[in-house]
Amino acid sequence: MTPEKNTQDWQQAFIATNILAIGYNAWVGYLEGERGVVICSTNSPHLGIVGETFKAHFISRKNLAGFLNAWLIAPDTILLQRHFMNAHILEAVDNYNPQTDVVFLLEYGHQAGFFYLTKLPITPPQCYQSVCKEWAEFQPIFTPWNGEKICQD
């Protein structure tokens, strides 16, 4: 098995294991009014009772070009359409269906993987509903540190 194949297997397994969190973050970001991309880094895991967890963030389309230039270490802060990776990611964000698809970036080590997730076994709105339902079941036991509401009514 080649190292590239091992990396792809690992990435696919990570996505499958974390699909609820990825879909939830994609839908919450979209509900805030704009398409965007879910970003996750495995470089700083949080170790807890249930094992490793990773922070995920939603970057809206209007902030994405600058973020990509900084994150992918582009030479300047202005997005150039000829920069293939940035242009490809921005095009995916402009064209994906938020009801069924997710644009996802995964940072691991000194690399970043780009994924246009389609034909998911559970849609982003379904991920959102599932997380909210499970969150409600545990609400009496745990509330967020900052008191924010996790799910909208």
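This passage walks through the fold of a predicted model and then through a handful of its residues.

Start with the overall layout. The protein has five helices and six strands, and reading along the sequence gives the pattern α-α-β-β-β-β-α-α-β-β-α. Out of 153 residues, 33% come out as buried. As for how the chain folds back on itself, 58% of the contacts with a separation of 6 or more are between residues 24 or more positions apart.

Helix 2 is a handy place to begin with the details. This helix covers residues 19–31, and its 13 residues should span 18 Å at 1.5 Å a residue; the end C-alpha atoms sit 18 Å apart, so the expected and modelled spans agree. Its buried residues are Ile19, Ile22, Gly23, Tyr24, Asn25, Ala26, Trp27 and Gly29. A general point about helices helps when looking at such a list: an α-helix has 3.6 residues a turn, so residues three or four places apart point the same way. Just past the end of helix 2, Gly33 adopts a positive phi of about 115°.

Tyr30 also belongs to helix 2, but this residue is partly exposed, with a relative accessible area of 30%. Leaving aside residues up to four places away in sequence, Tyr30 touches Arg35, Phe58 and Pro98. There is a long-range pairing here too: Tyr30 and Gln99 are 69 residues apart along the chain, yet their C-alpha atoms are separated by 9.3 Å.

Over in helix 1 (residues 3–17) there is Gln11, a polar residue that counts as buried at 7% relative accessibility. What does its side chain pair with? The side chain of Gln11 makes a polar contact with the side chain of Tyr108, at 2.5 Å. Beyond residues up to four places away in sequence, Gln11 touches Leu106 and Phe115 as well as Tyr108.

Turning to charges, the salt-bridge count is one. The pair in question is Asp94 and Arg61, whose closest N and O atoms are 2.8 Å apart. Asp94 lies in helix 4 (residues 84–95) and Arg61 in helix 3 (residues 61–71), so this bridge ties together parts that are 33 residues apart in sequence. Neither end is buried: Asp94 is partly exposed at 39% relative accessibility, and Arg61 is partly exposed too, with a relative accessible area of 25%.

Asp101 tells another story. This residue is found in the loop between helix 4 and strand 5 (102–108). Asp101 is buried but has no salt bridge, and the nearest side chain of opposite charge, that of Arg35, is 7.5 Å away. Given that a salt bridge needs the nitrogen and oxygen within 4 Å, that separation is too long, so the pair does not qualify. What the Asp101 side chain does have is a polar contact with the side chain of Thr100, at 3.1 Å. Not counting residues up to four places away in sequence, Asp101 touches Tyr96, Tyr116, Leu117, Thr118, Lys119 and Pro124.

One of those neighbours, Lys119, deserves a look of its own. Lys119 sits in the loop between strand 6 (111–117) and helix 5. Its phi is positive, at about 50°, although Lys119 is not a glycine. Is Lys119 buried or exposed? At 82% relative accessibility, Lys119 counts as exposed, while Asp101, which touches Lys119, is buried.

Helix 5 (residues 124–138) holds Gln129, which is exposed at 53% relative accessibility. Gln129 and Cys151 are 22 residues apart in sequence, and their C-alpha atoms are 8.5 Å apart in space.

That leaves the cysteines. How many disulfides does a search of the whole structure find? The search comes back with zero. Among the cysteines, Cys40 is buried, with a relative accessible area of 4%, and Cys127 is buried as well, at 1% relative accessibility.

Notes: Residues numbered from 1 in each chain as written. Predicted model: local features only at pLDDT ≥ 70, side-chain atom pairs only at ≥ 80, totals over all residues. Heavy atoms only, no water. Helix = DSSP H or I, 4+ residues; strand = E, 2+ residues; numbered from the N terminus. Buried < 20%, exposed > 50% of the residue type's maximum accessible area, 1.4 Å probe, protein only. Lys, Arg positive; Asp, Glu negative; His and termini not counted. Polar contact = N/O pair within 3.5 Å; in protein donor to acceptor, adjacent residues only side chain to side chain. Contact = heavy atoms within 4.5 Å. Expected span 1.5 Å × (residues − 1). Disulfide = S-S within 2.5 Å.
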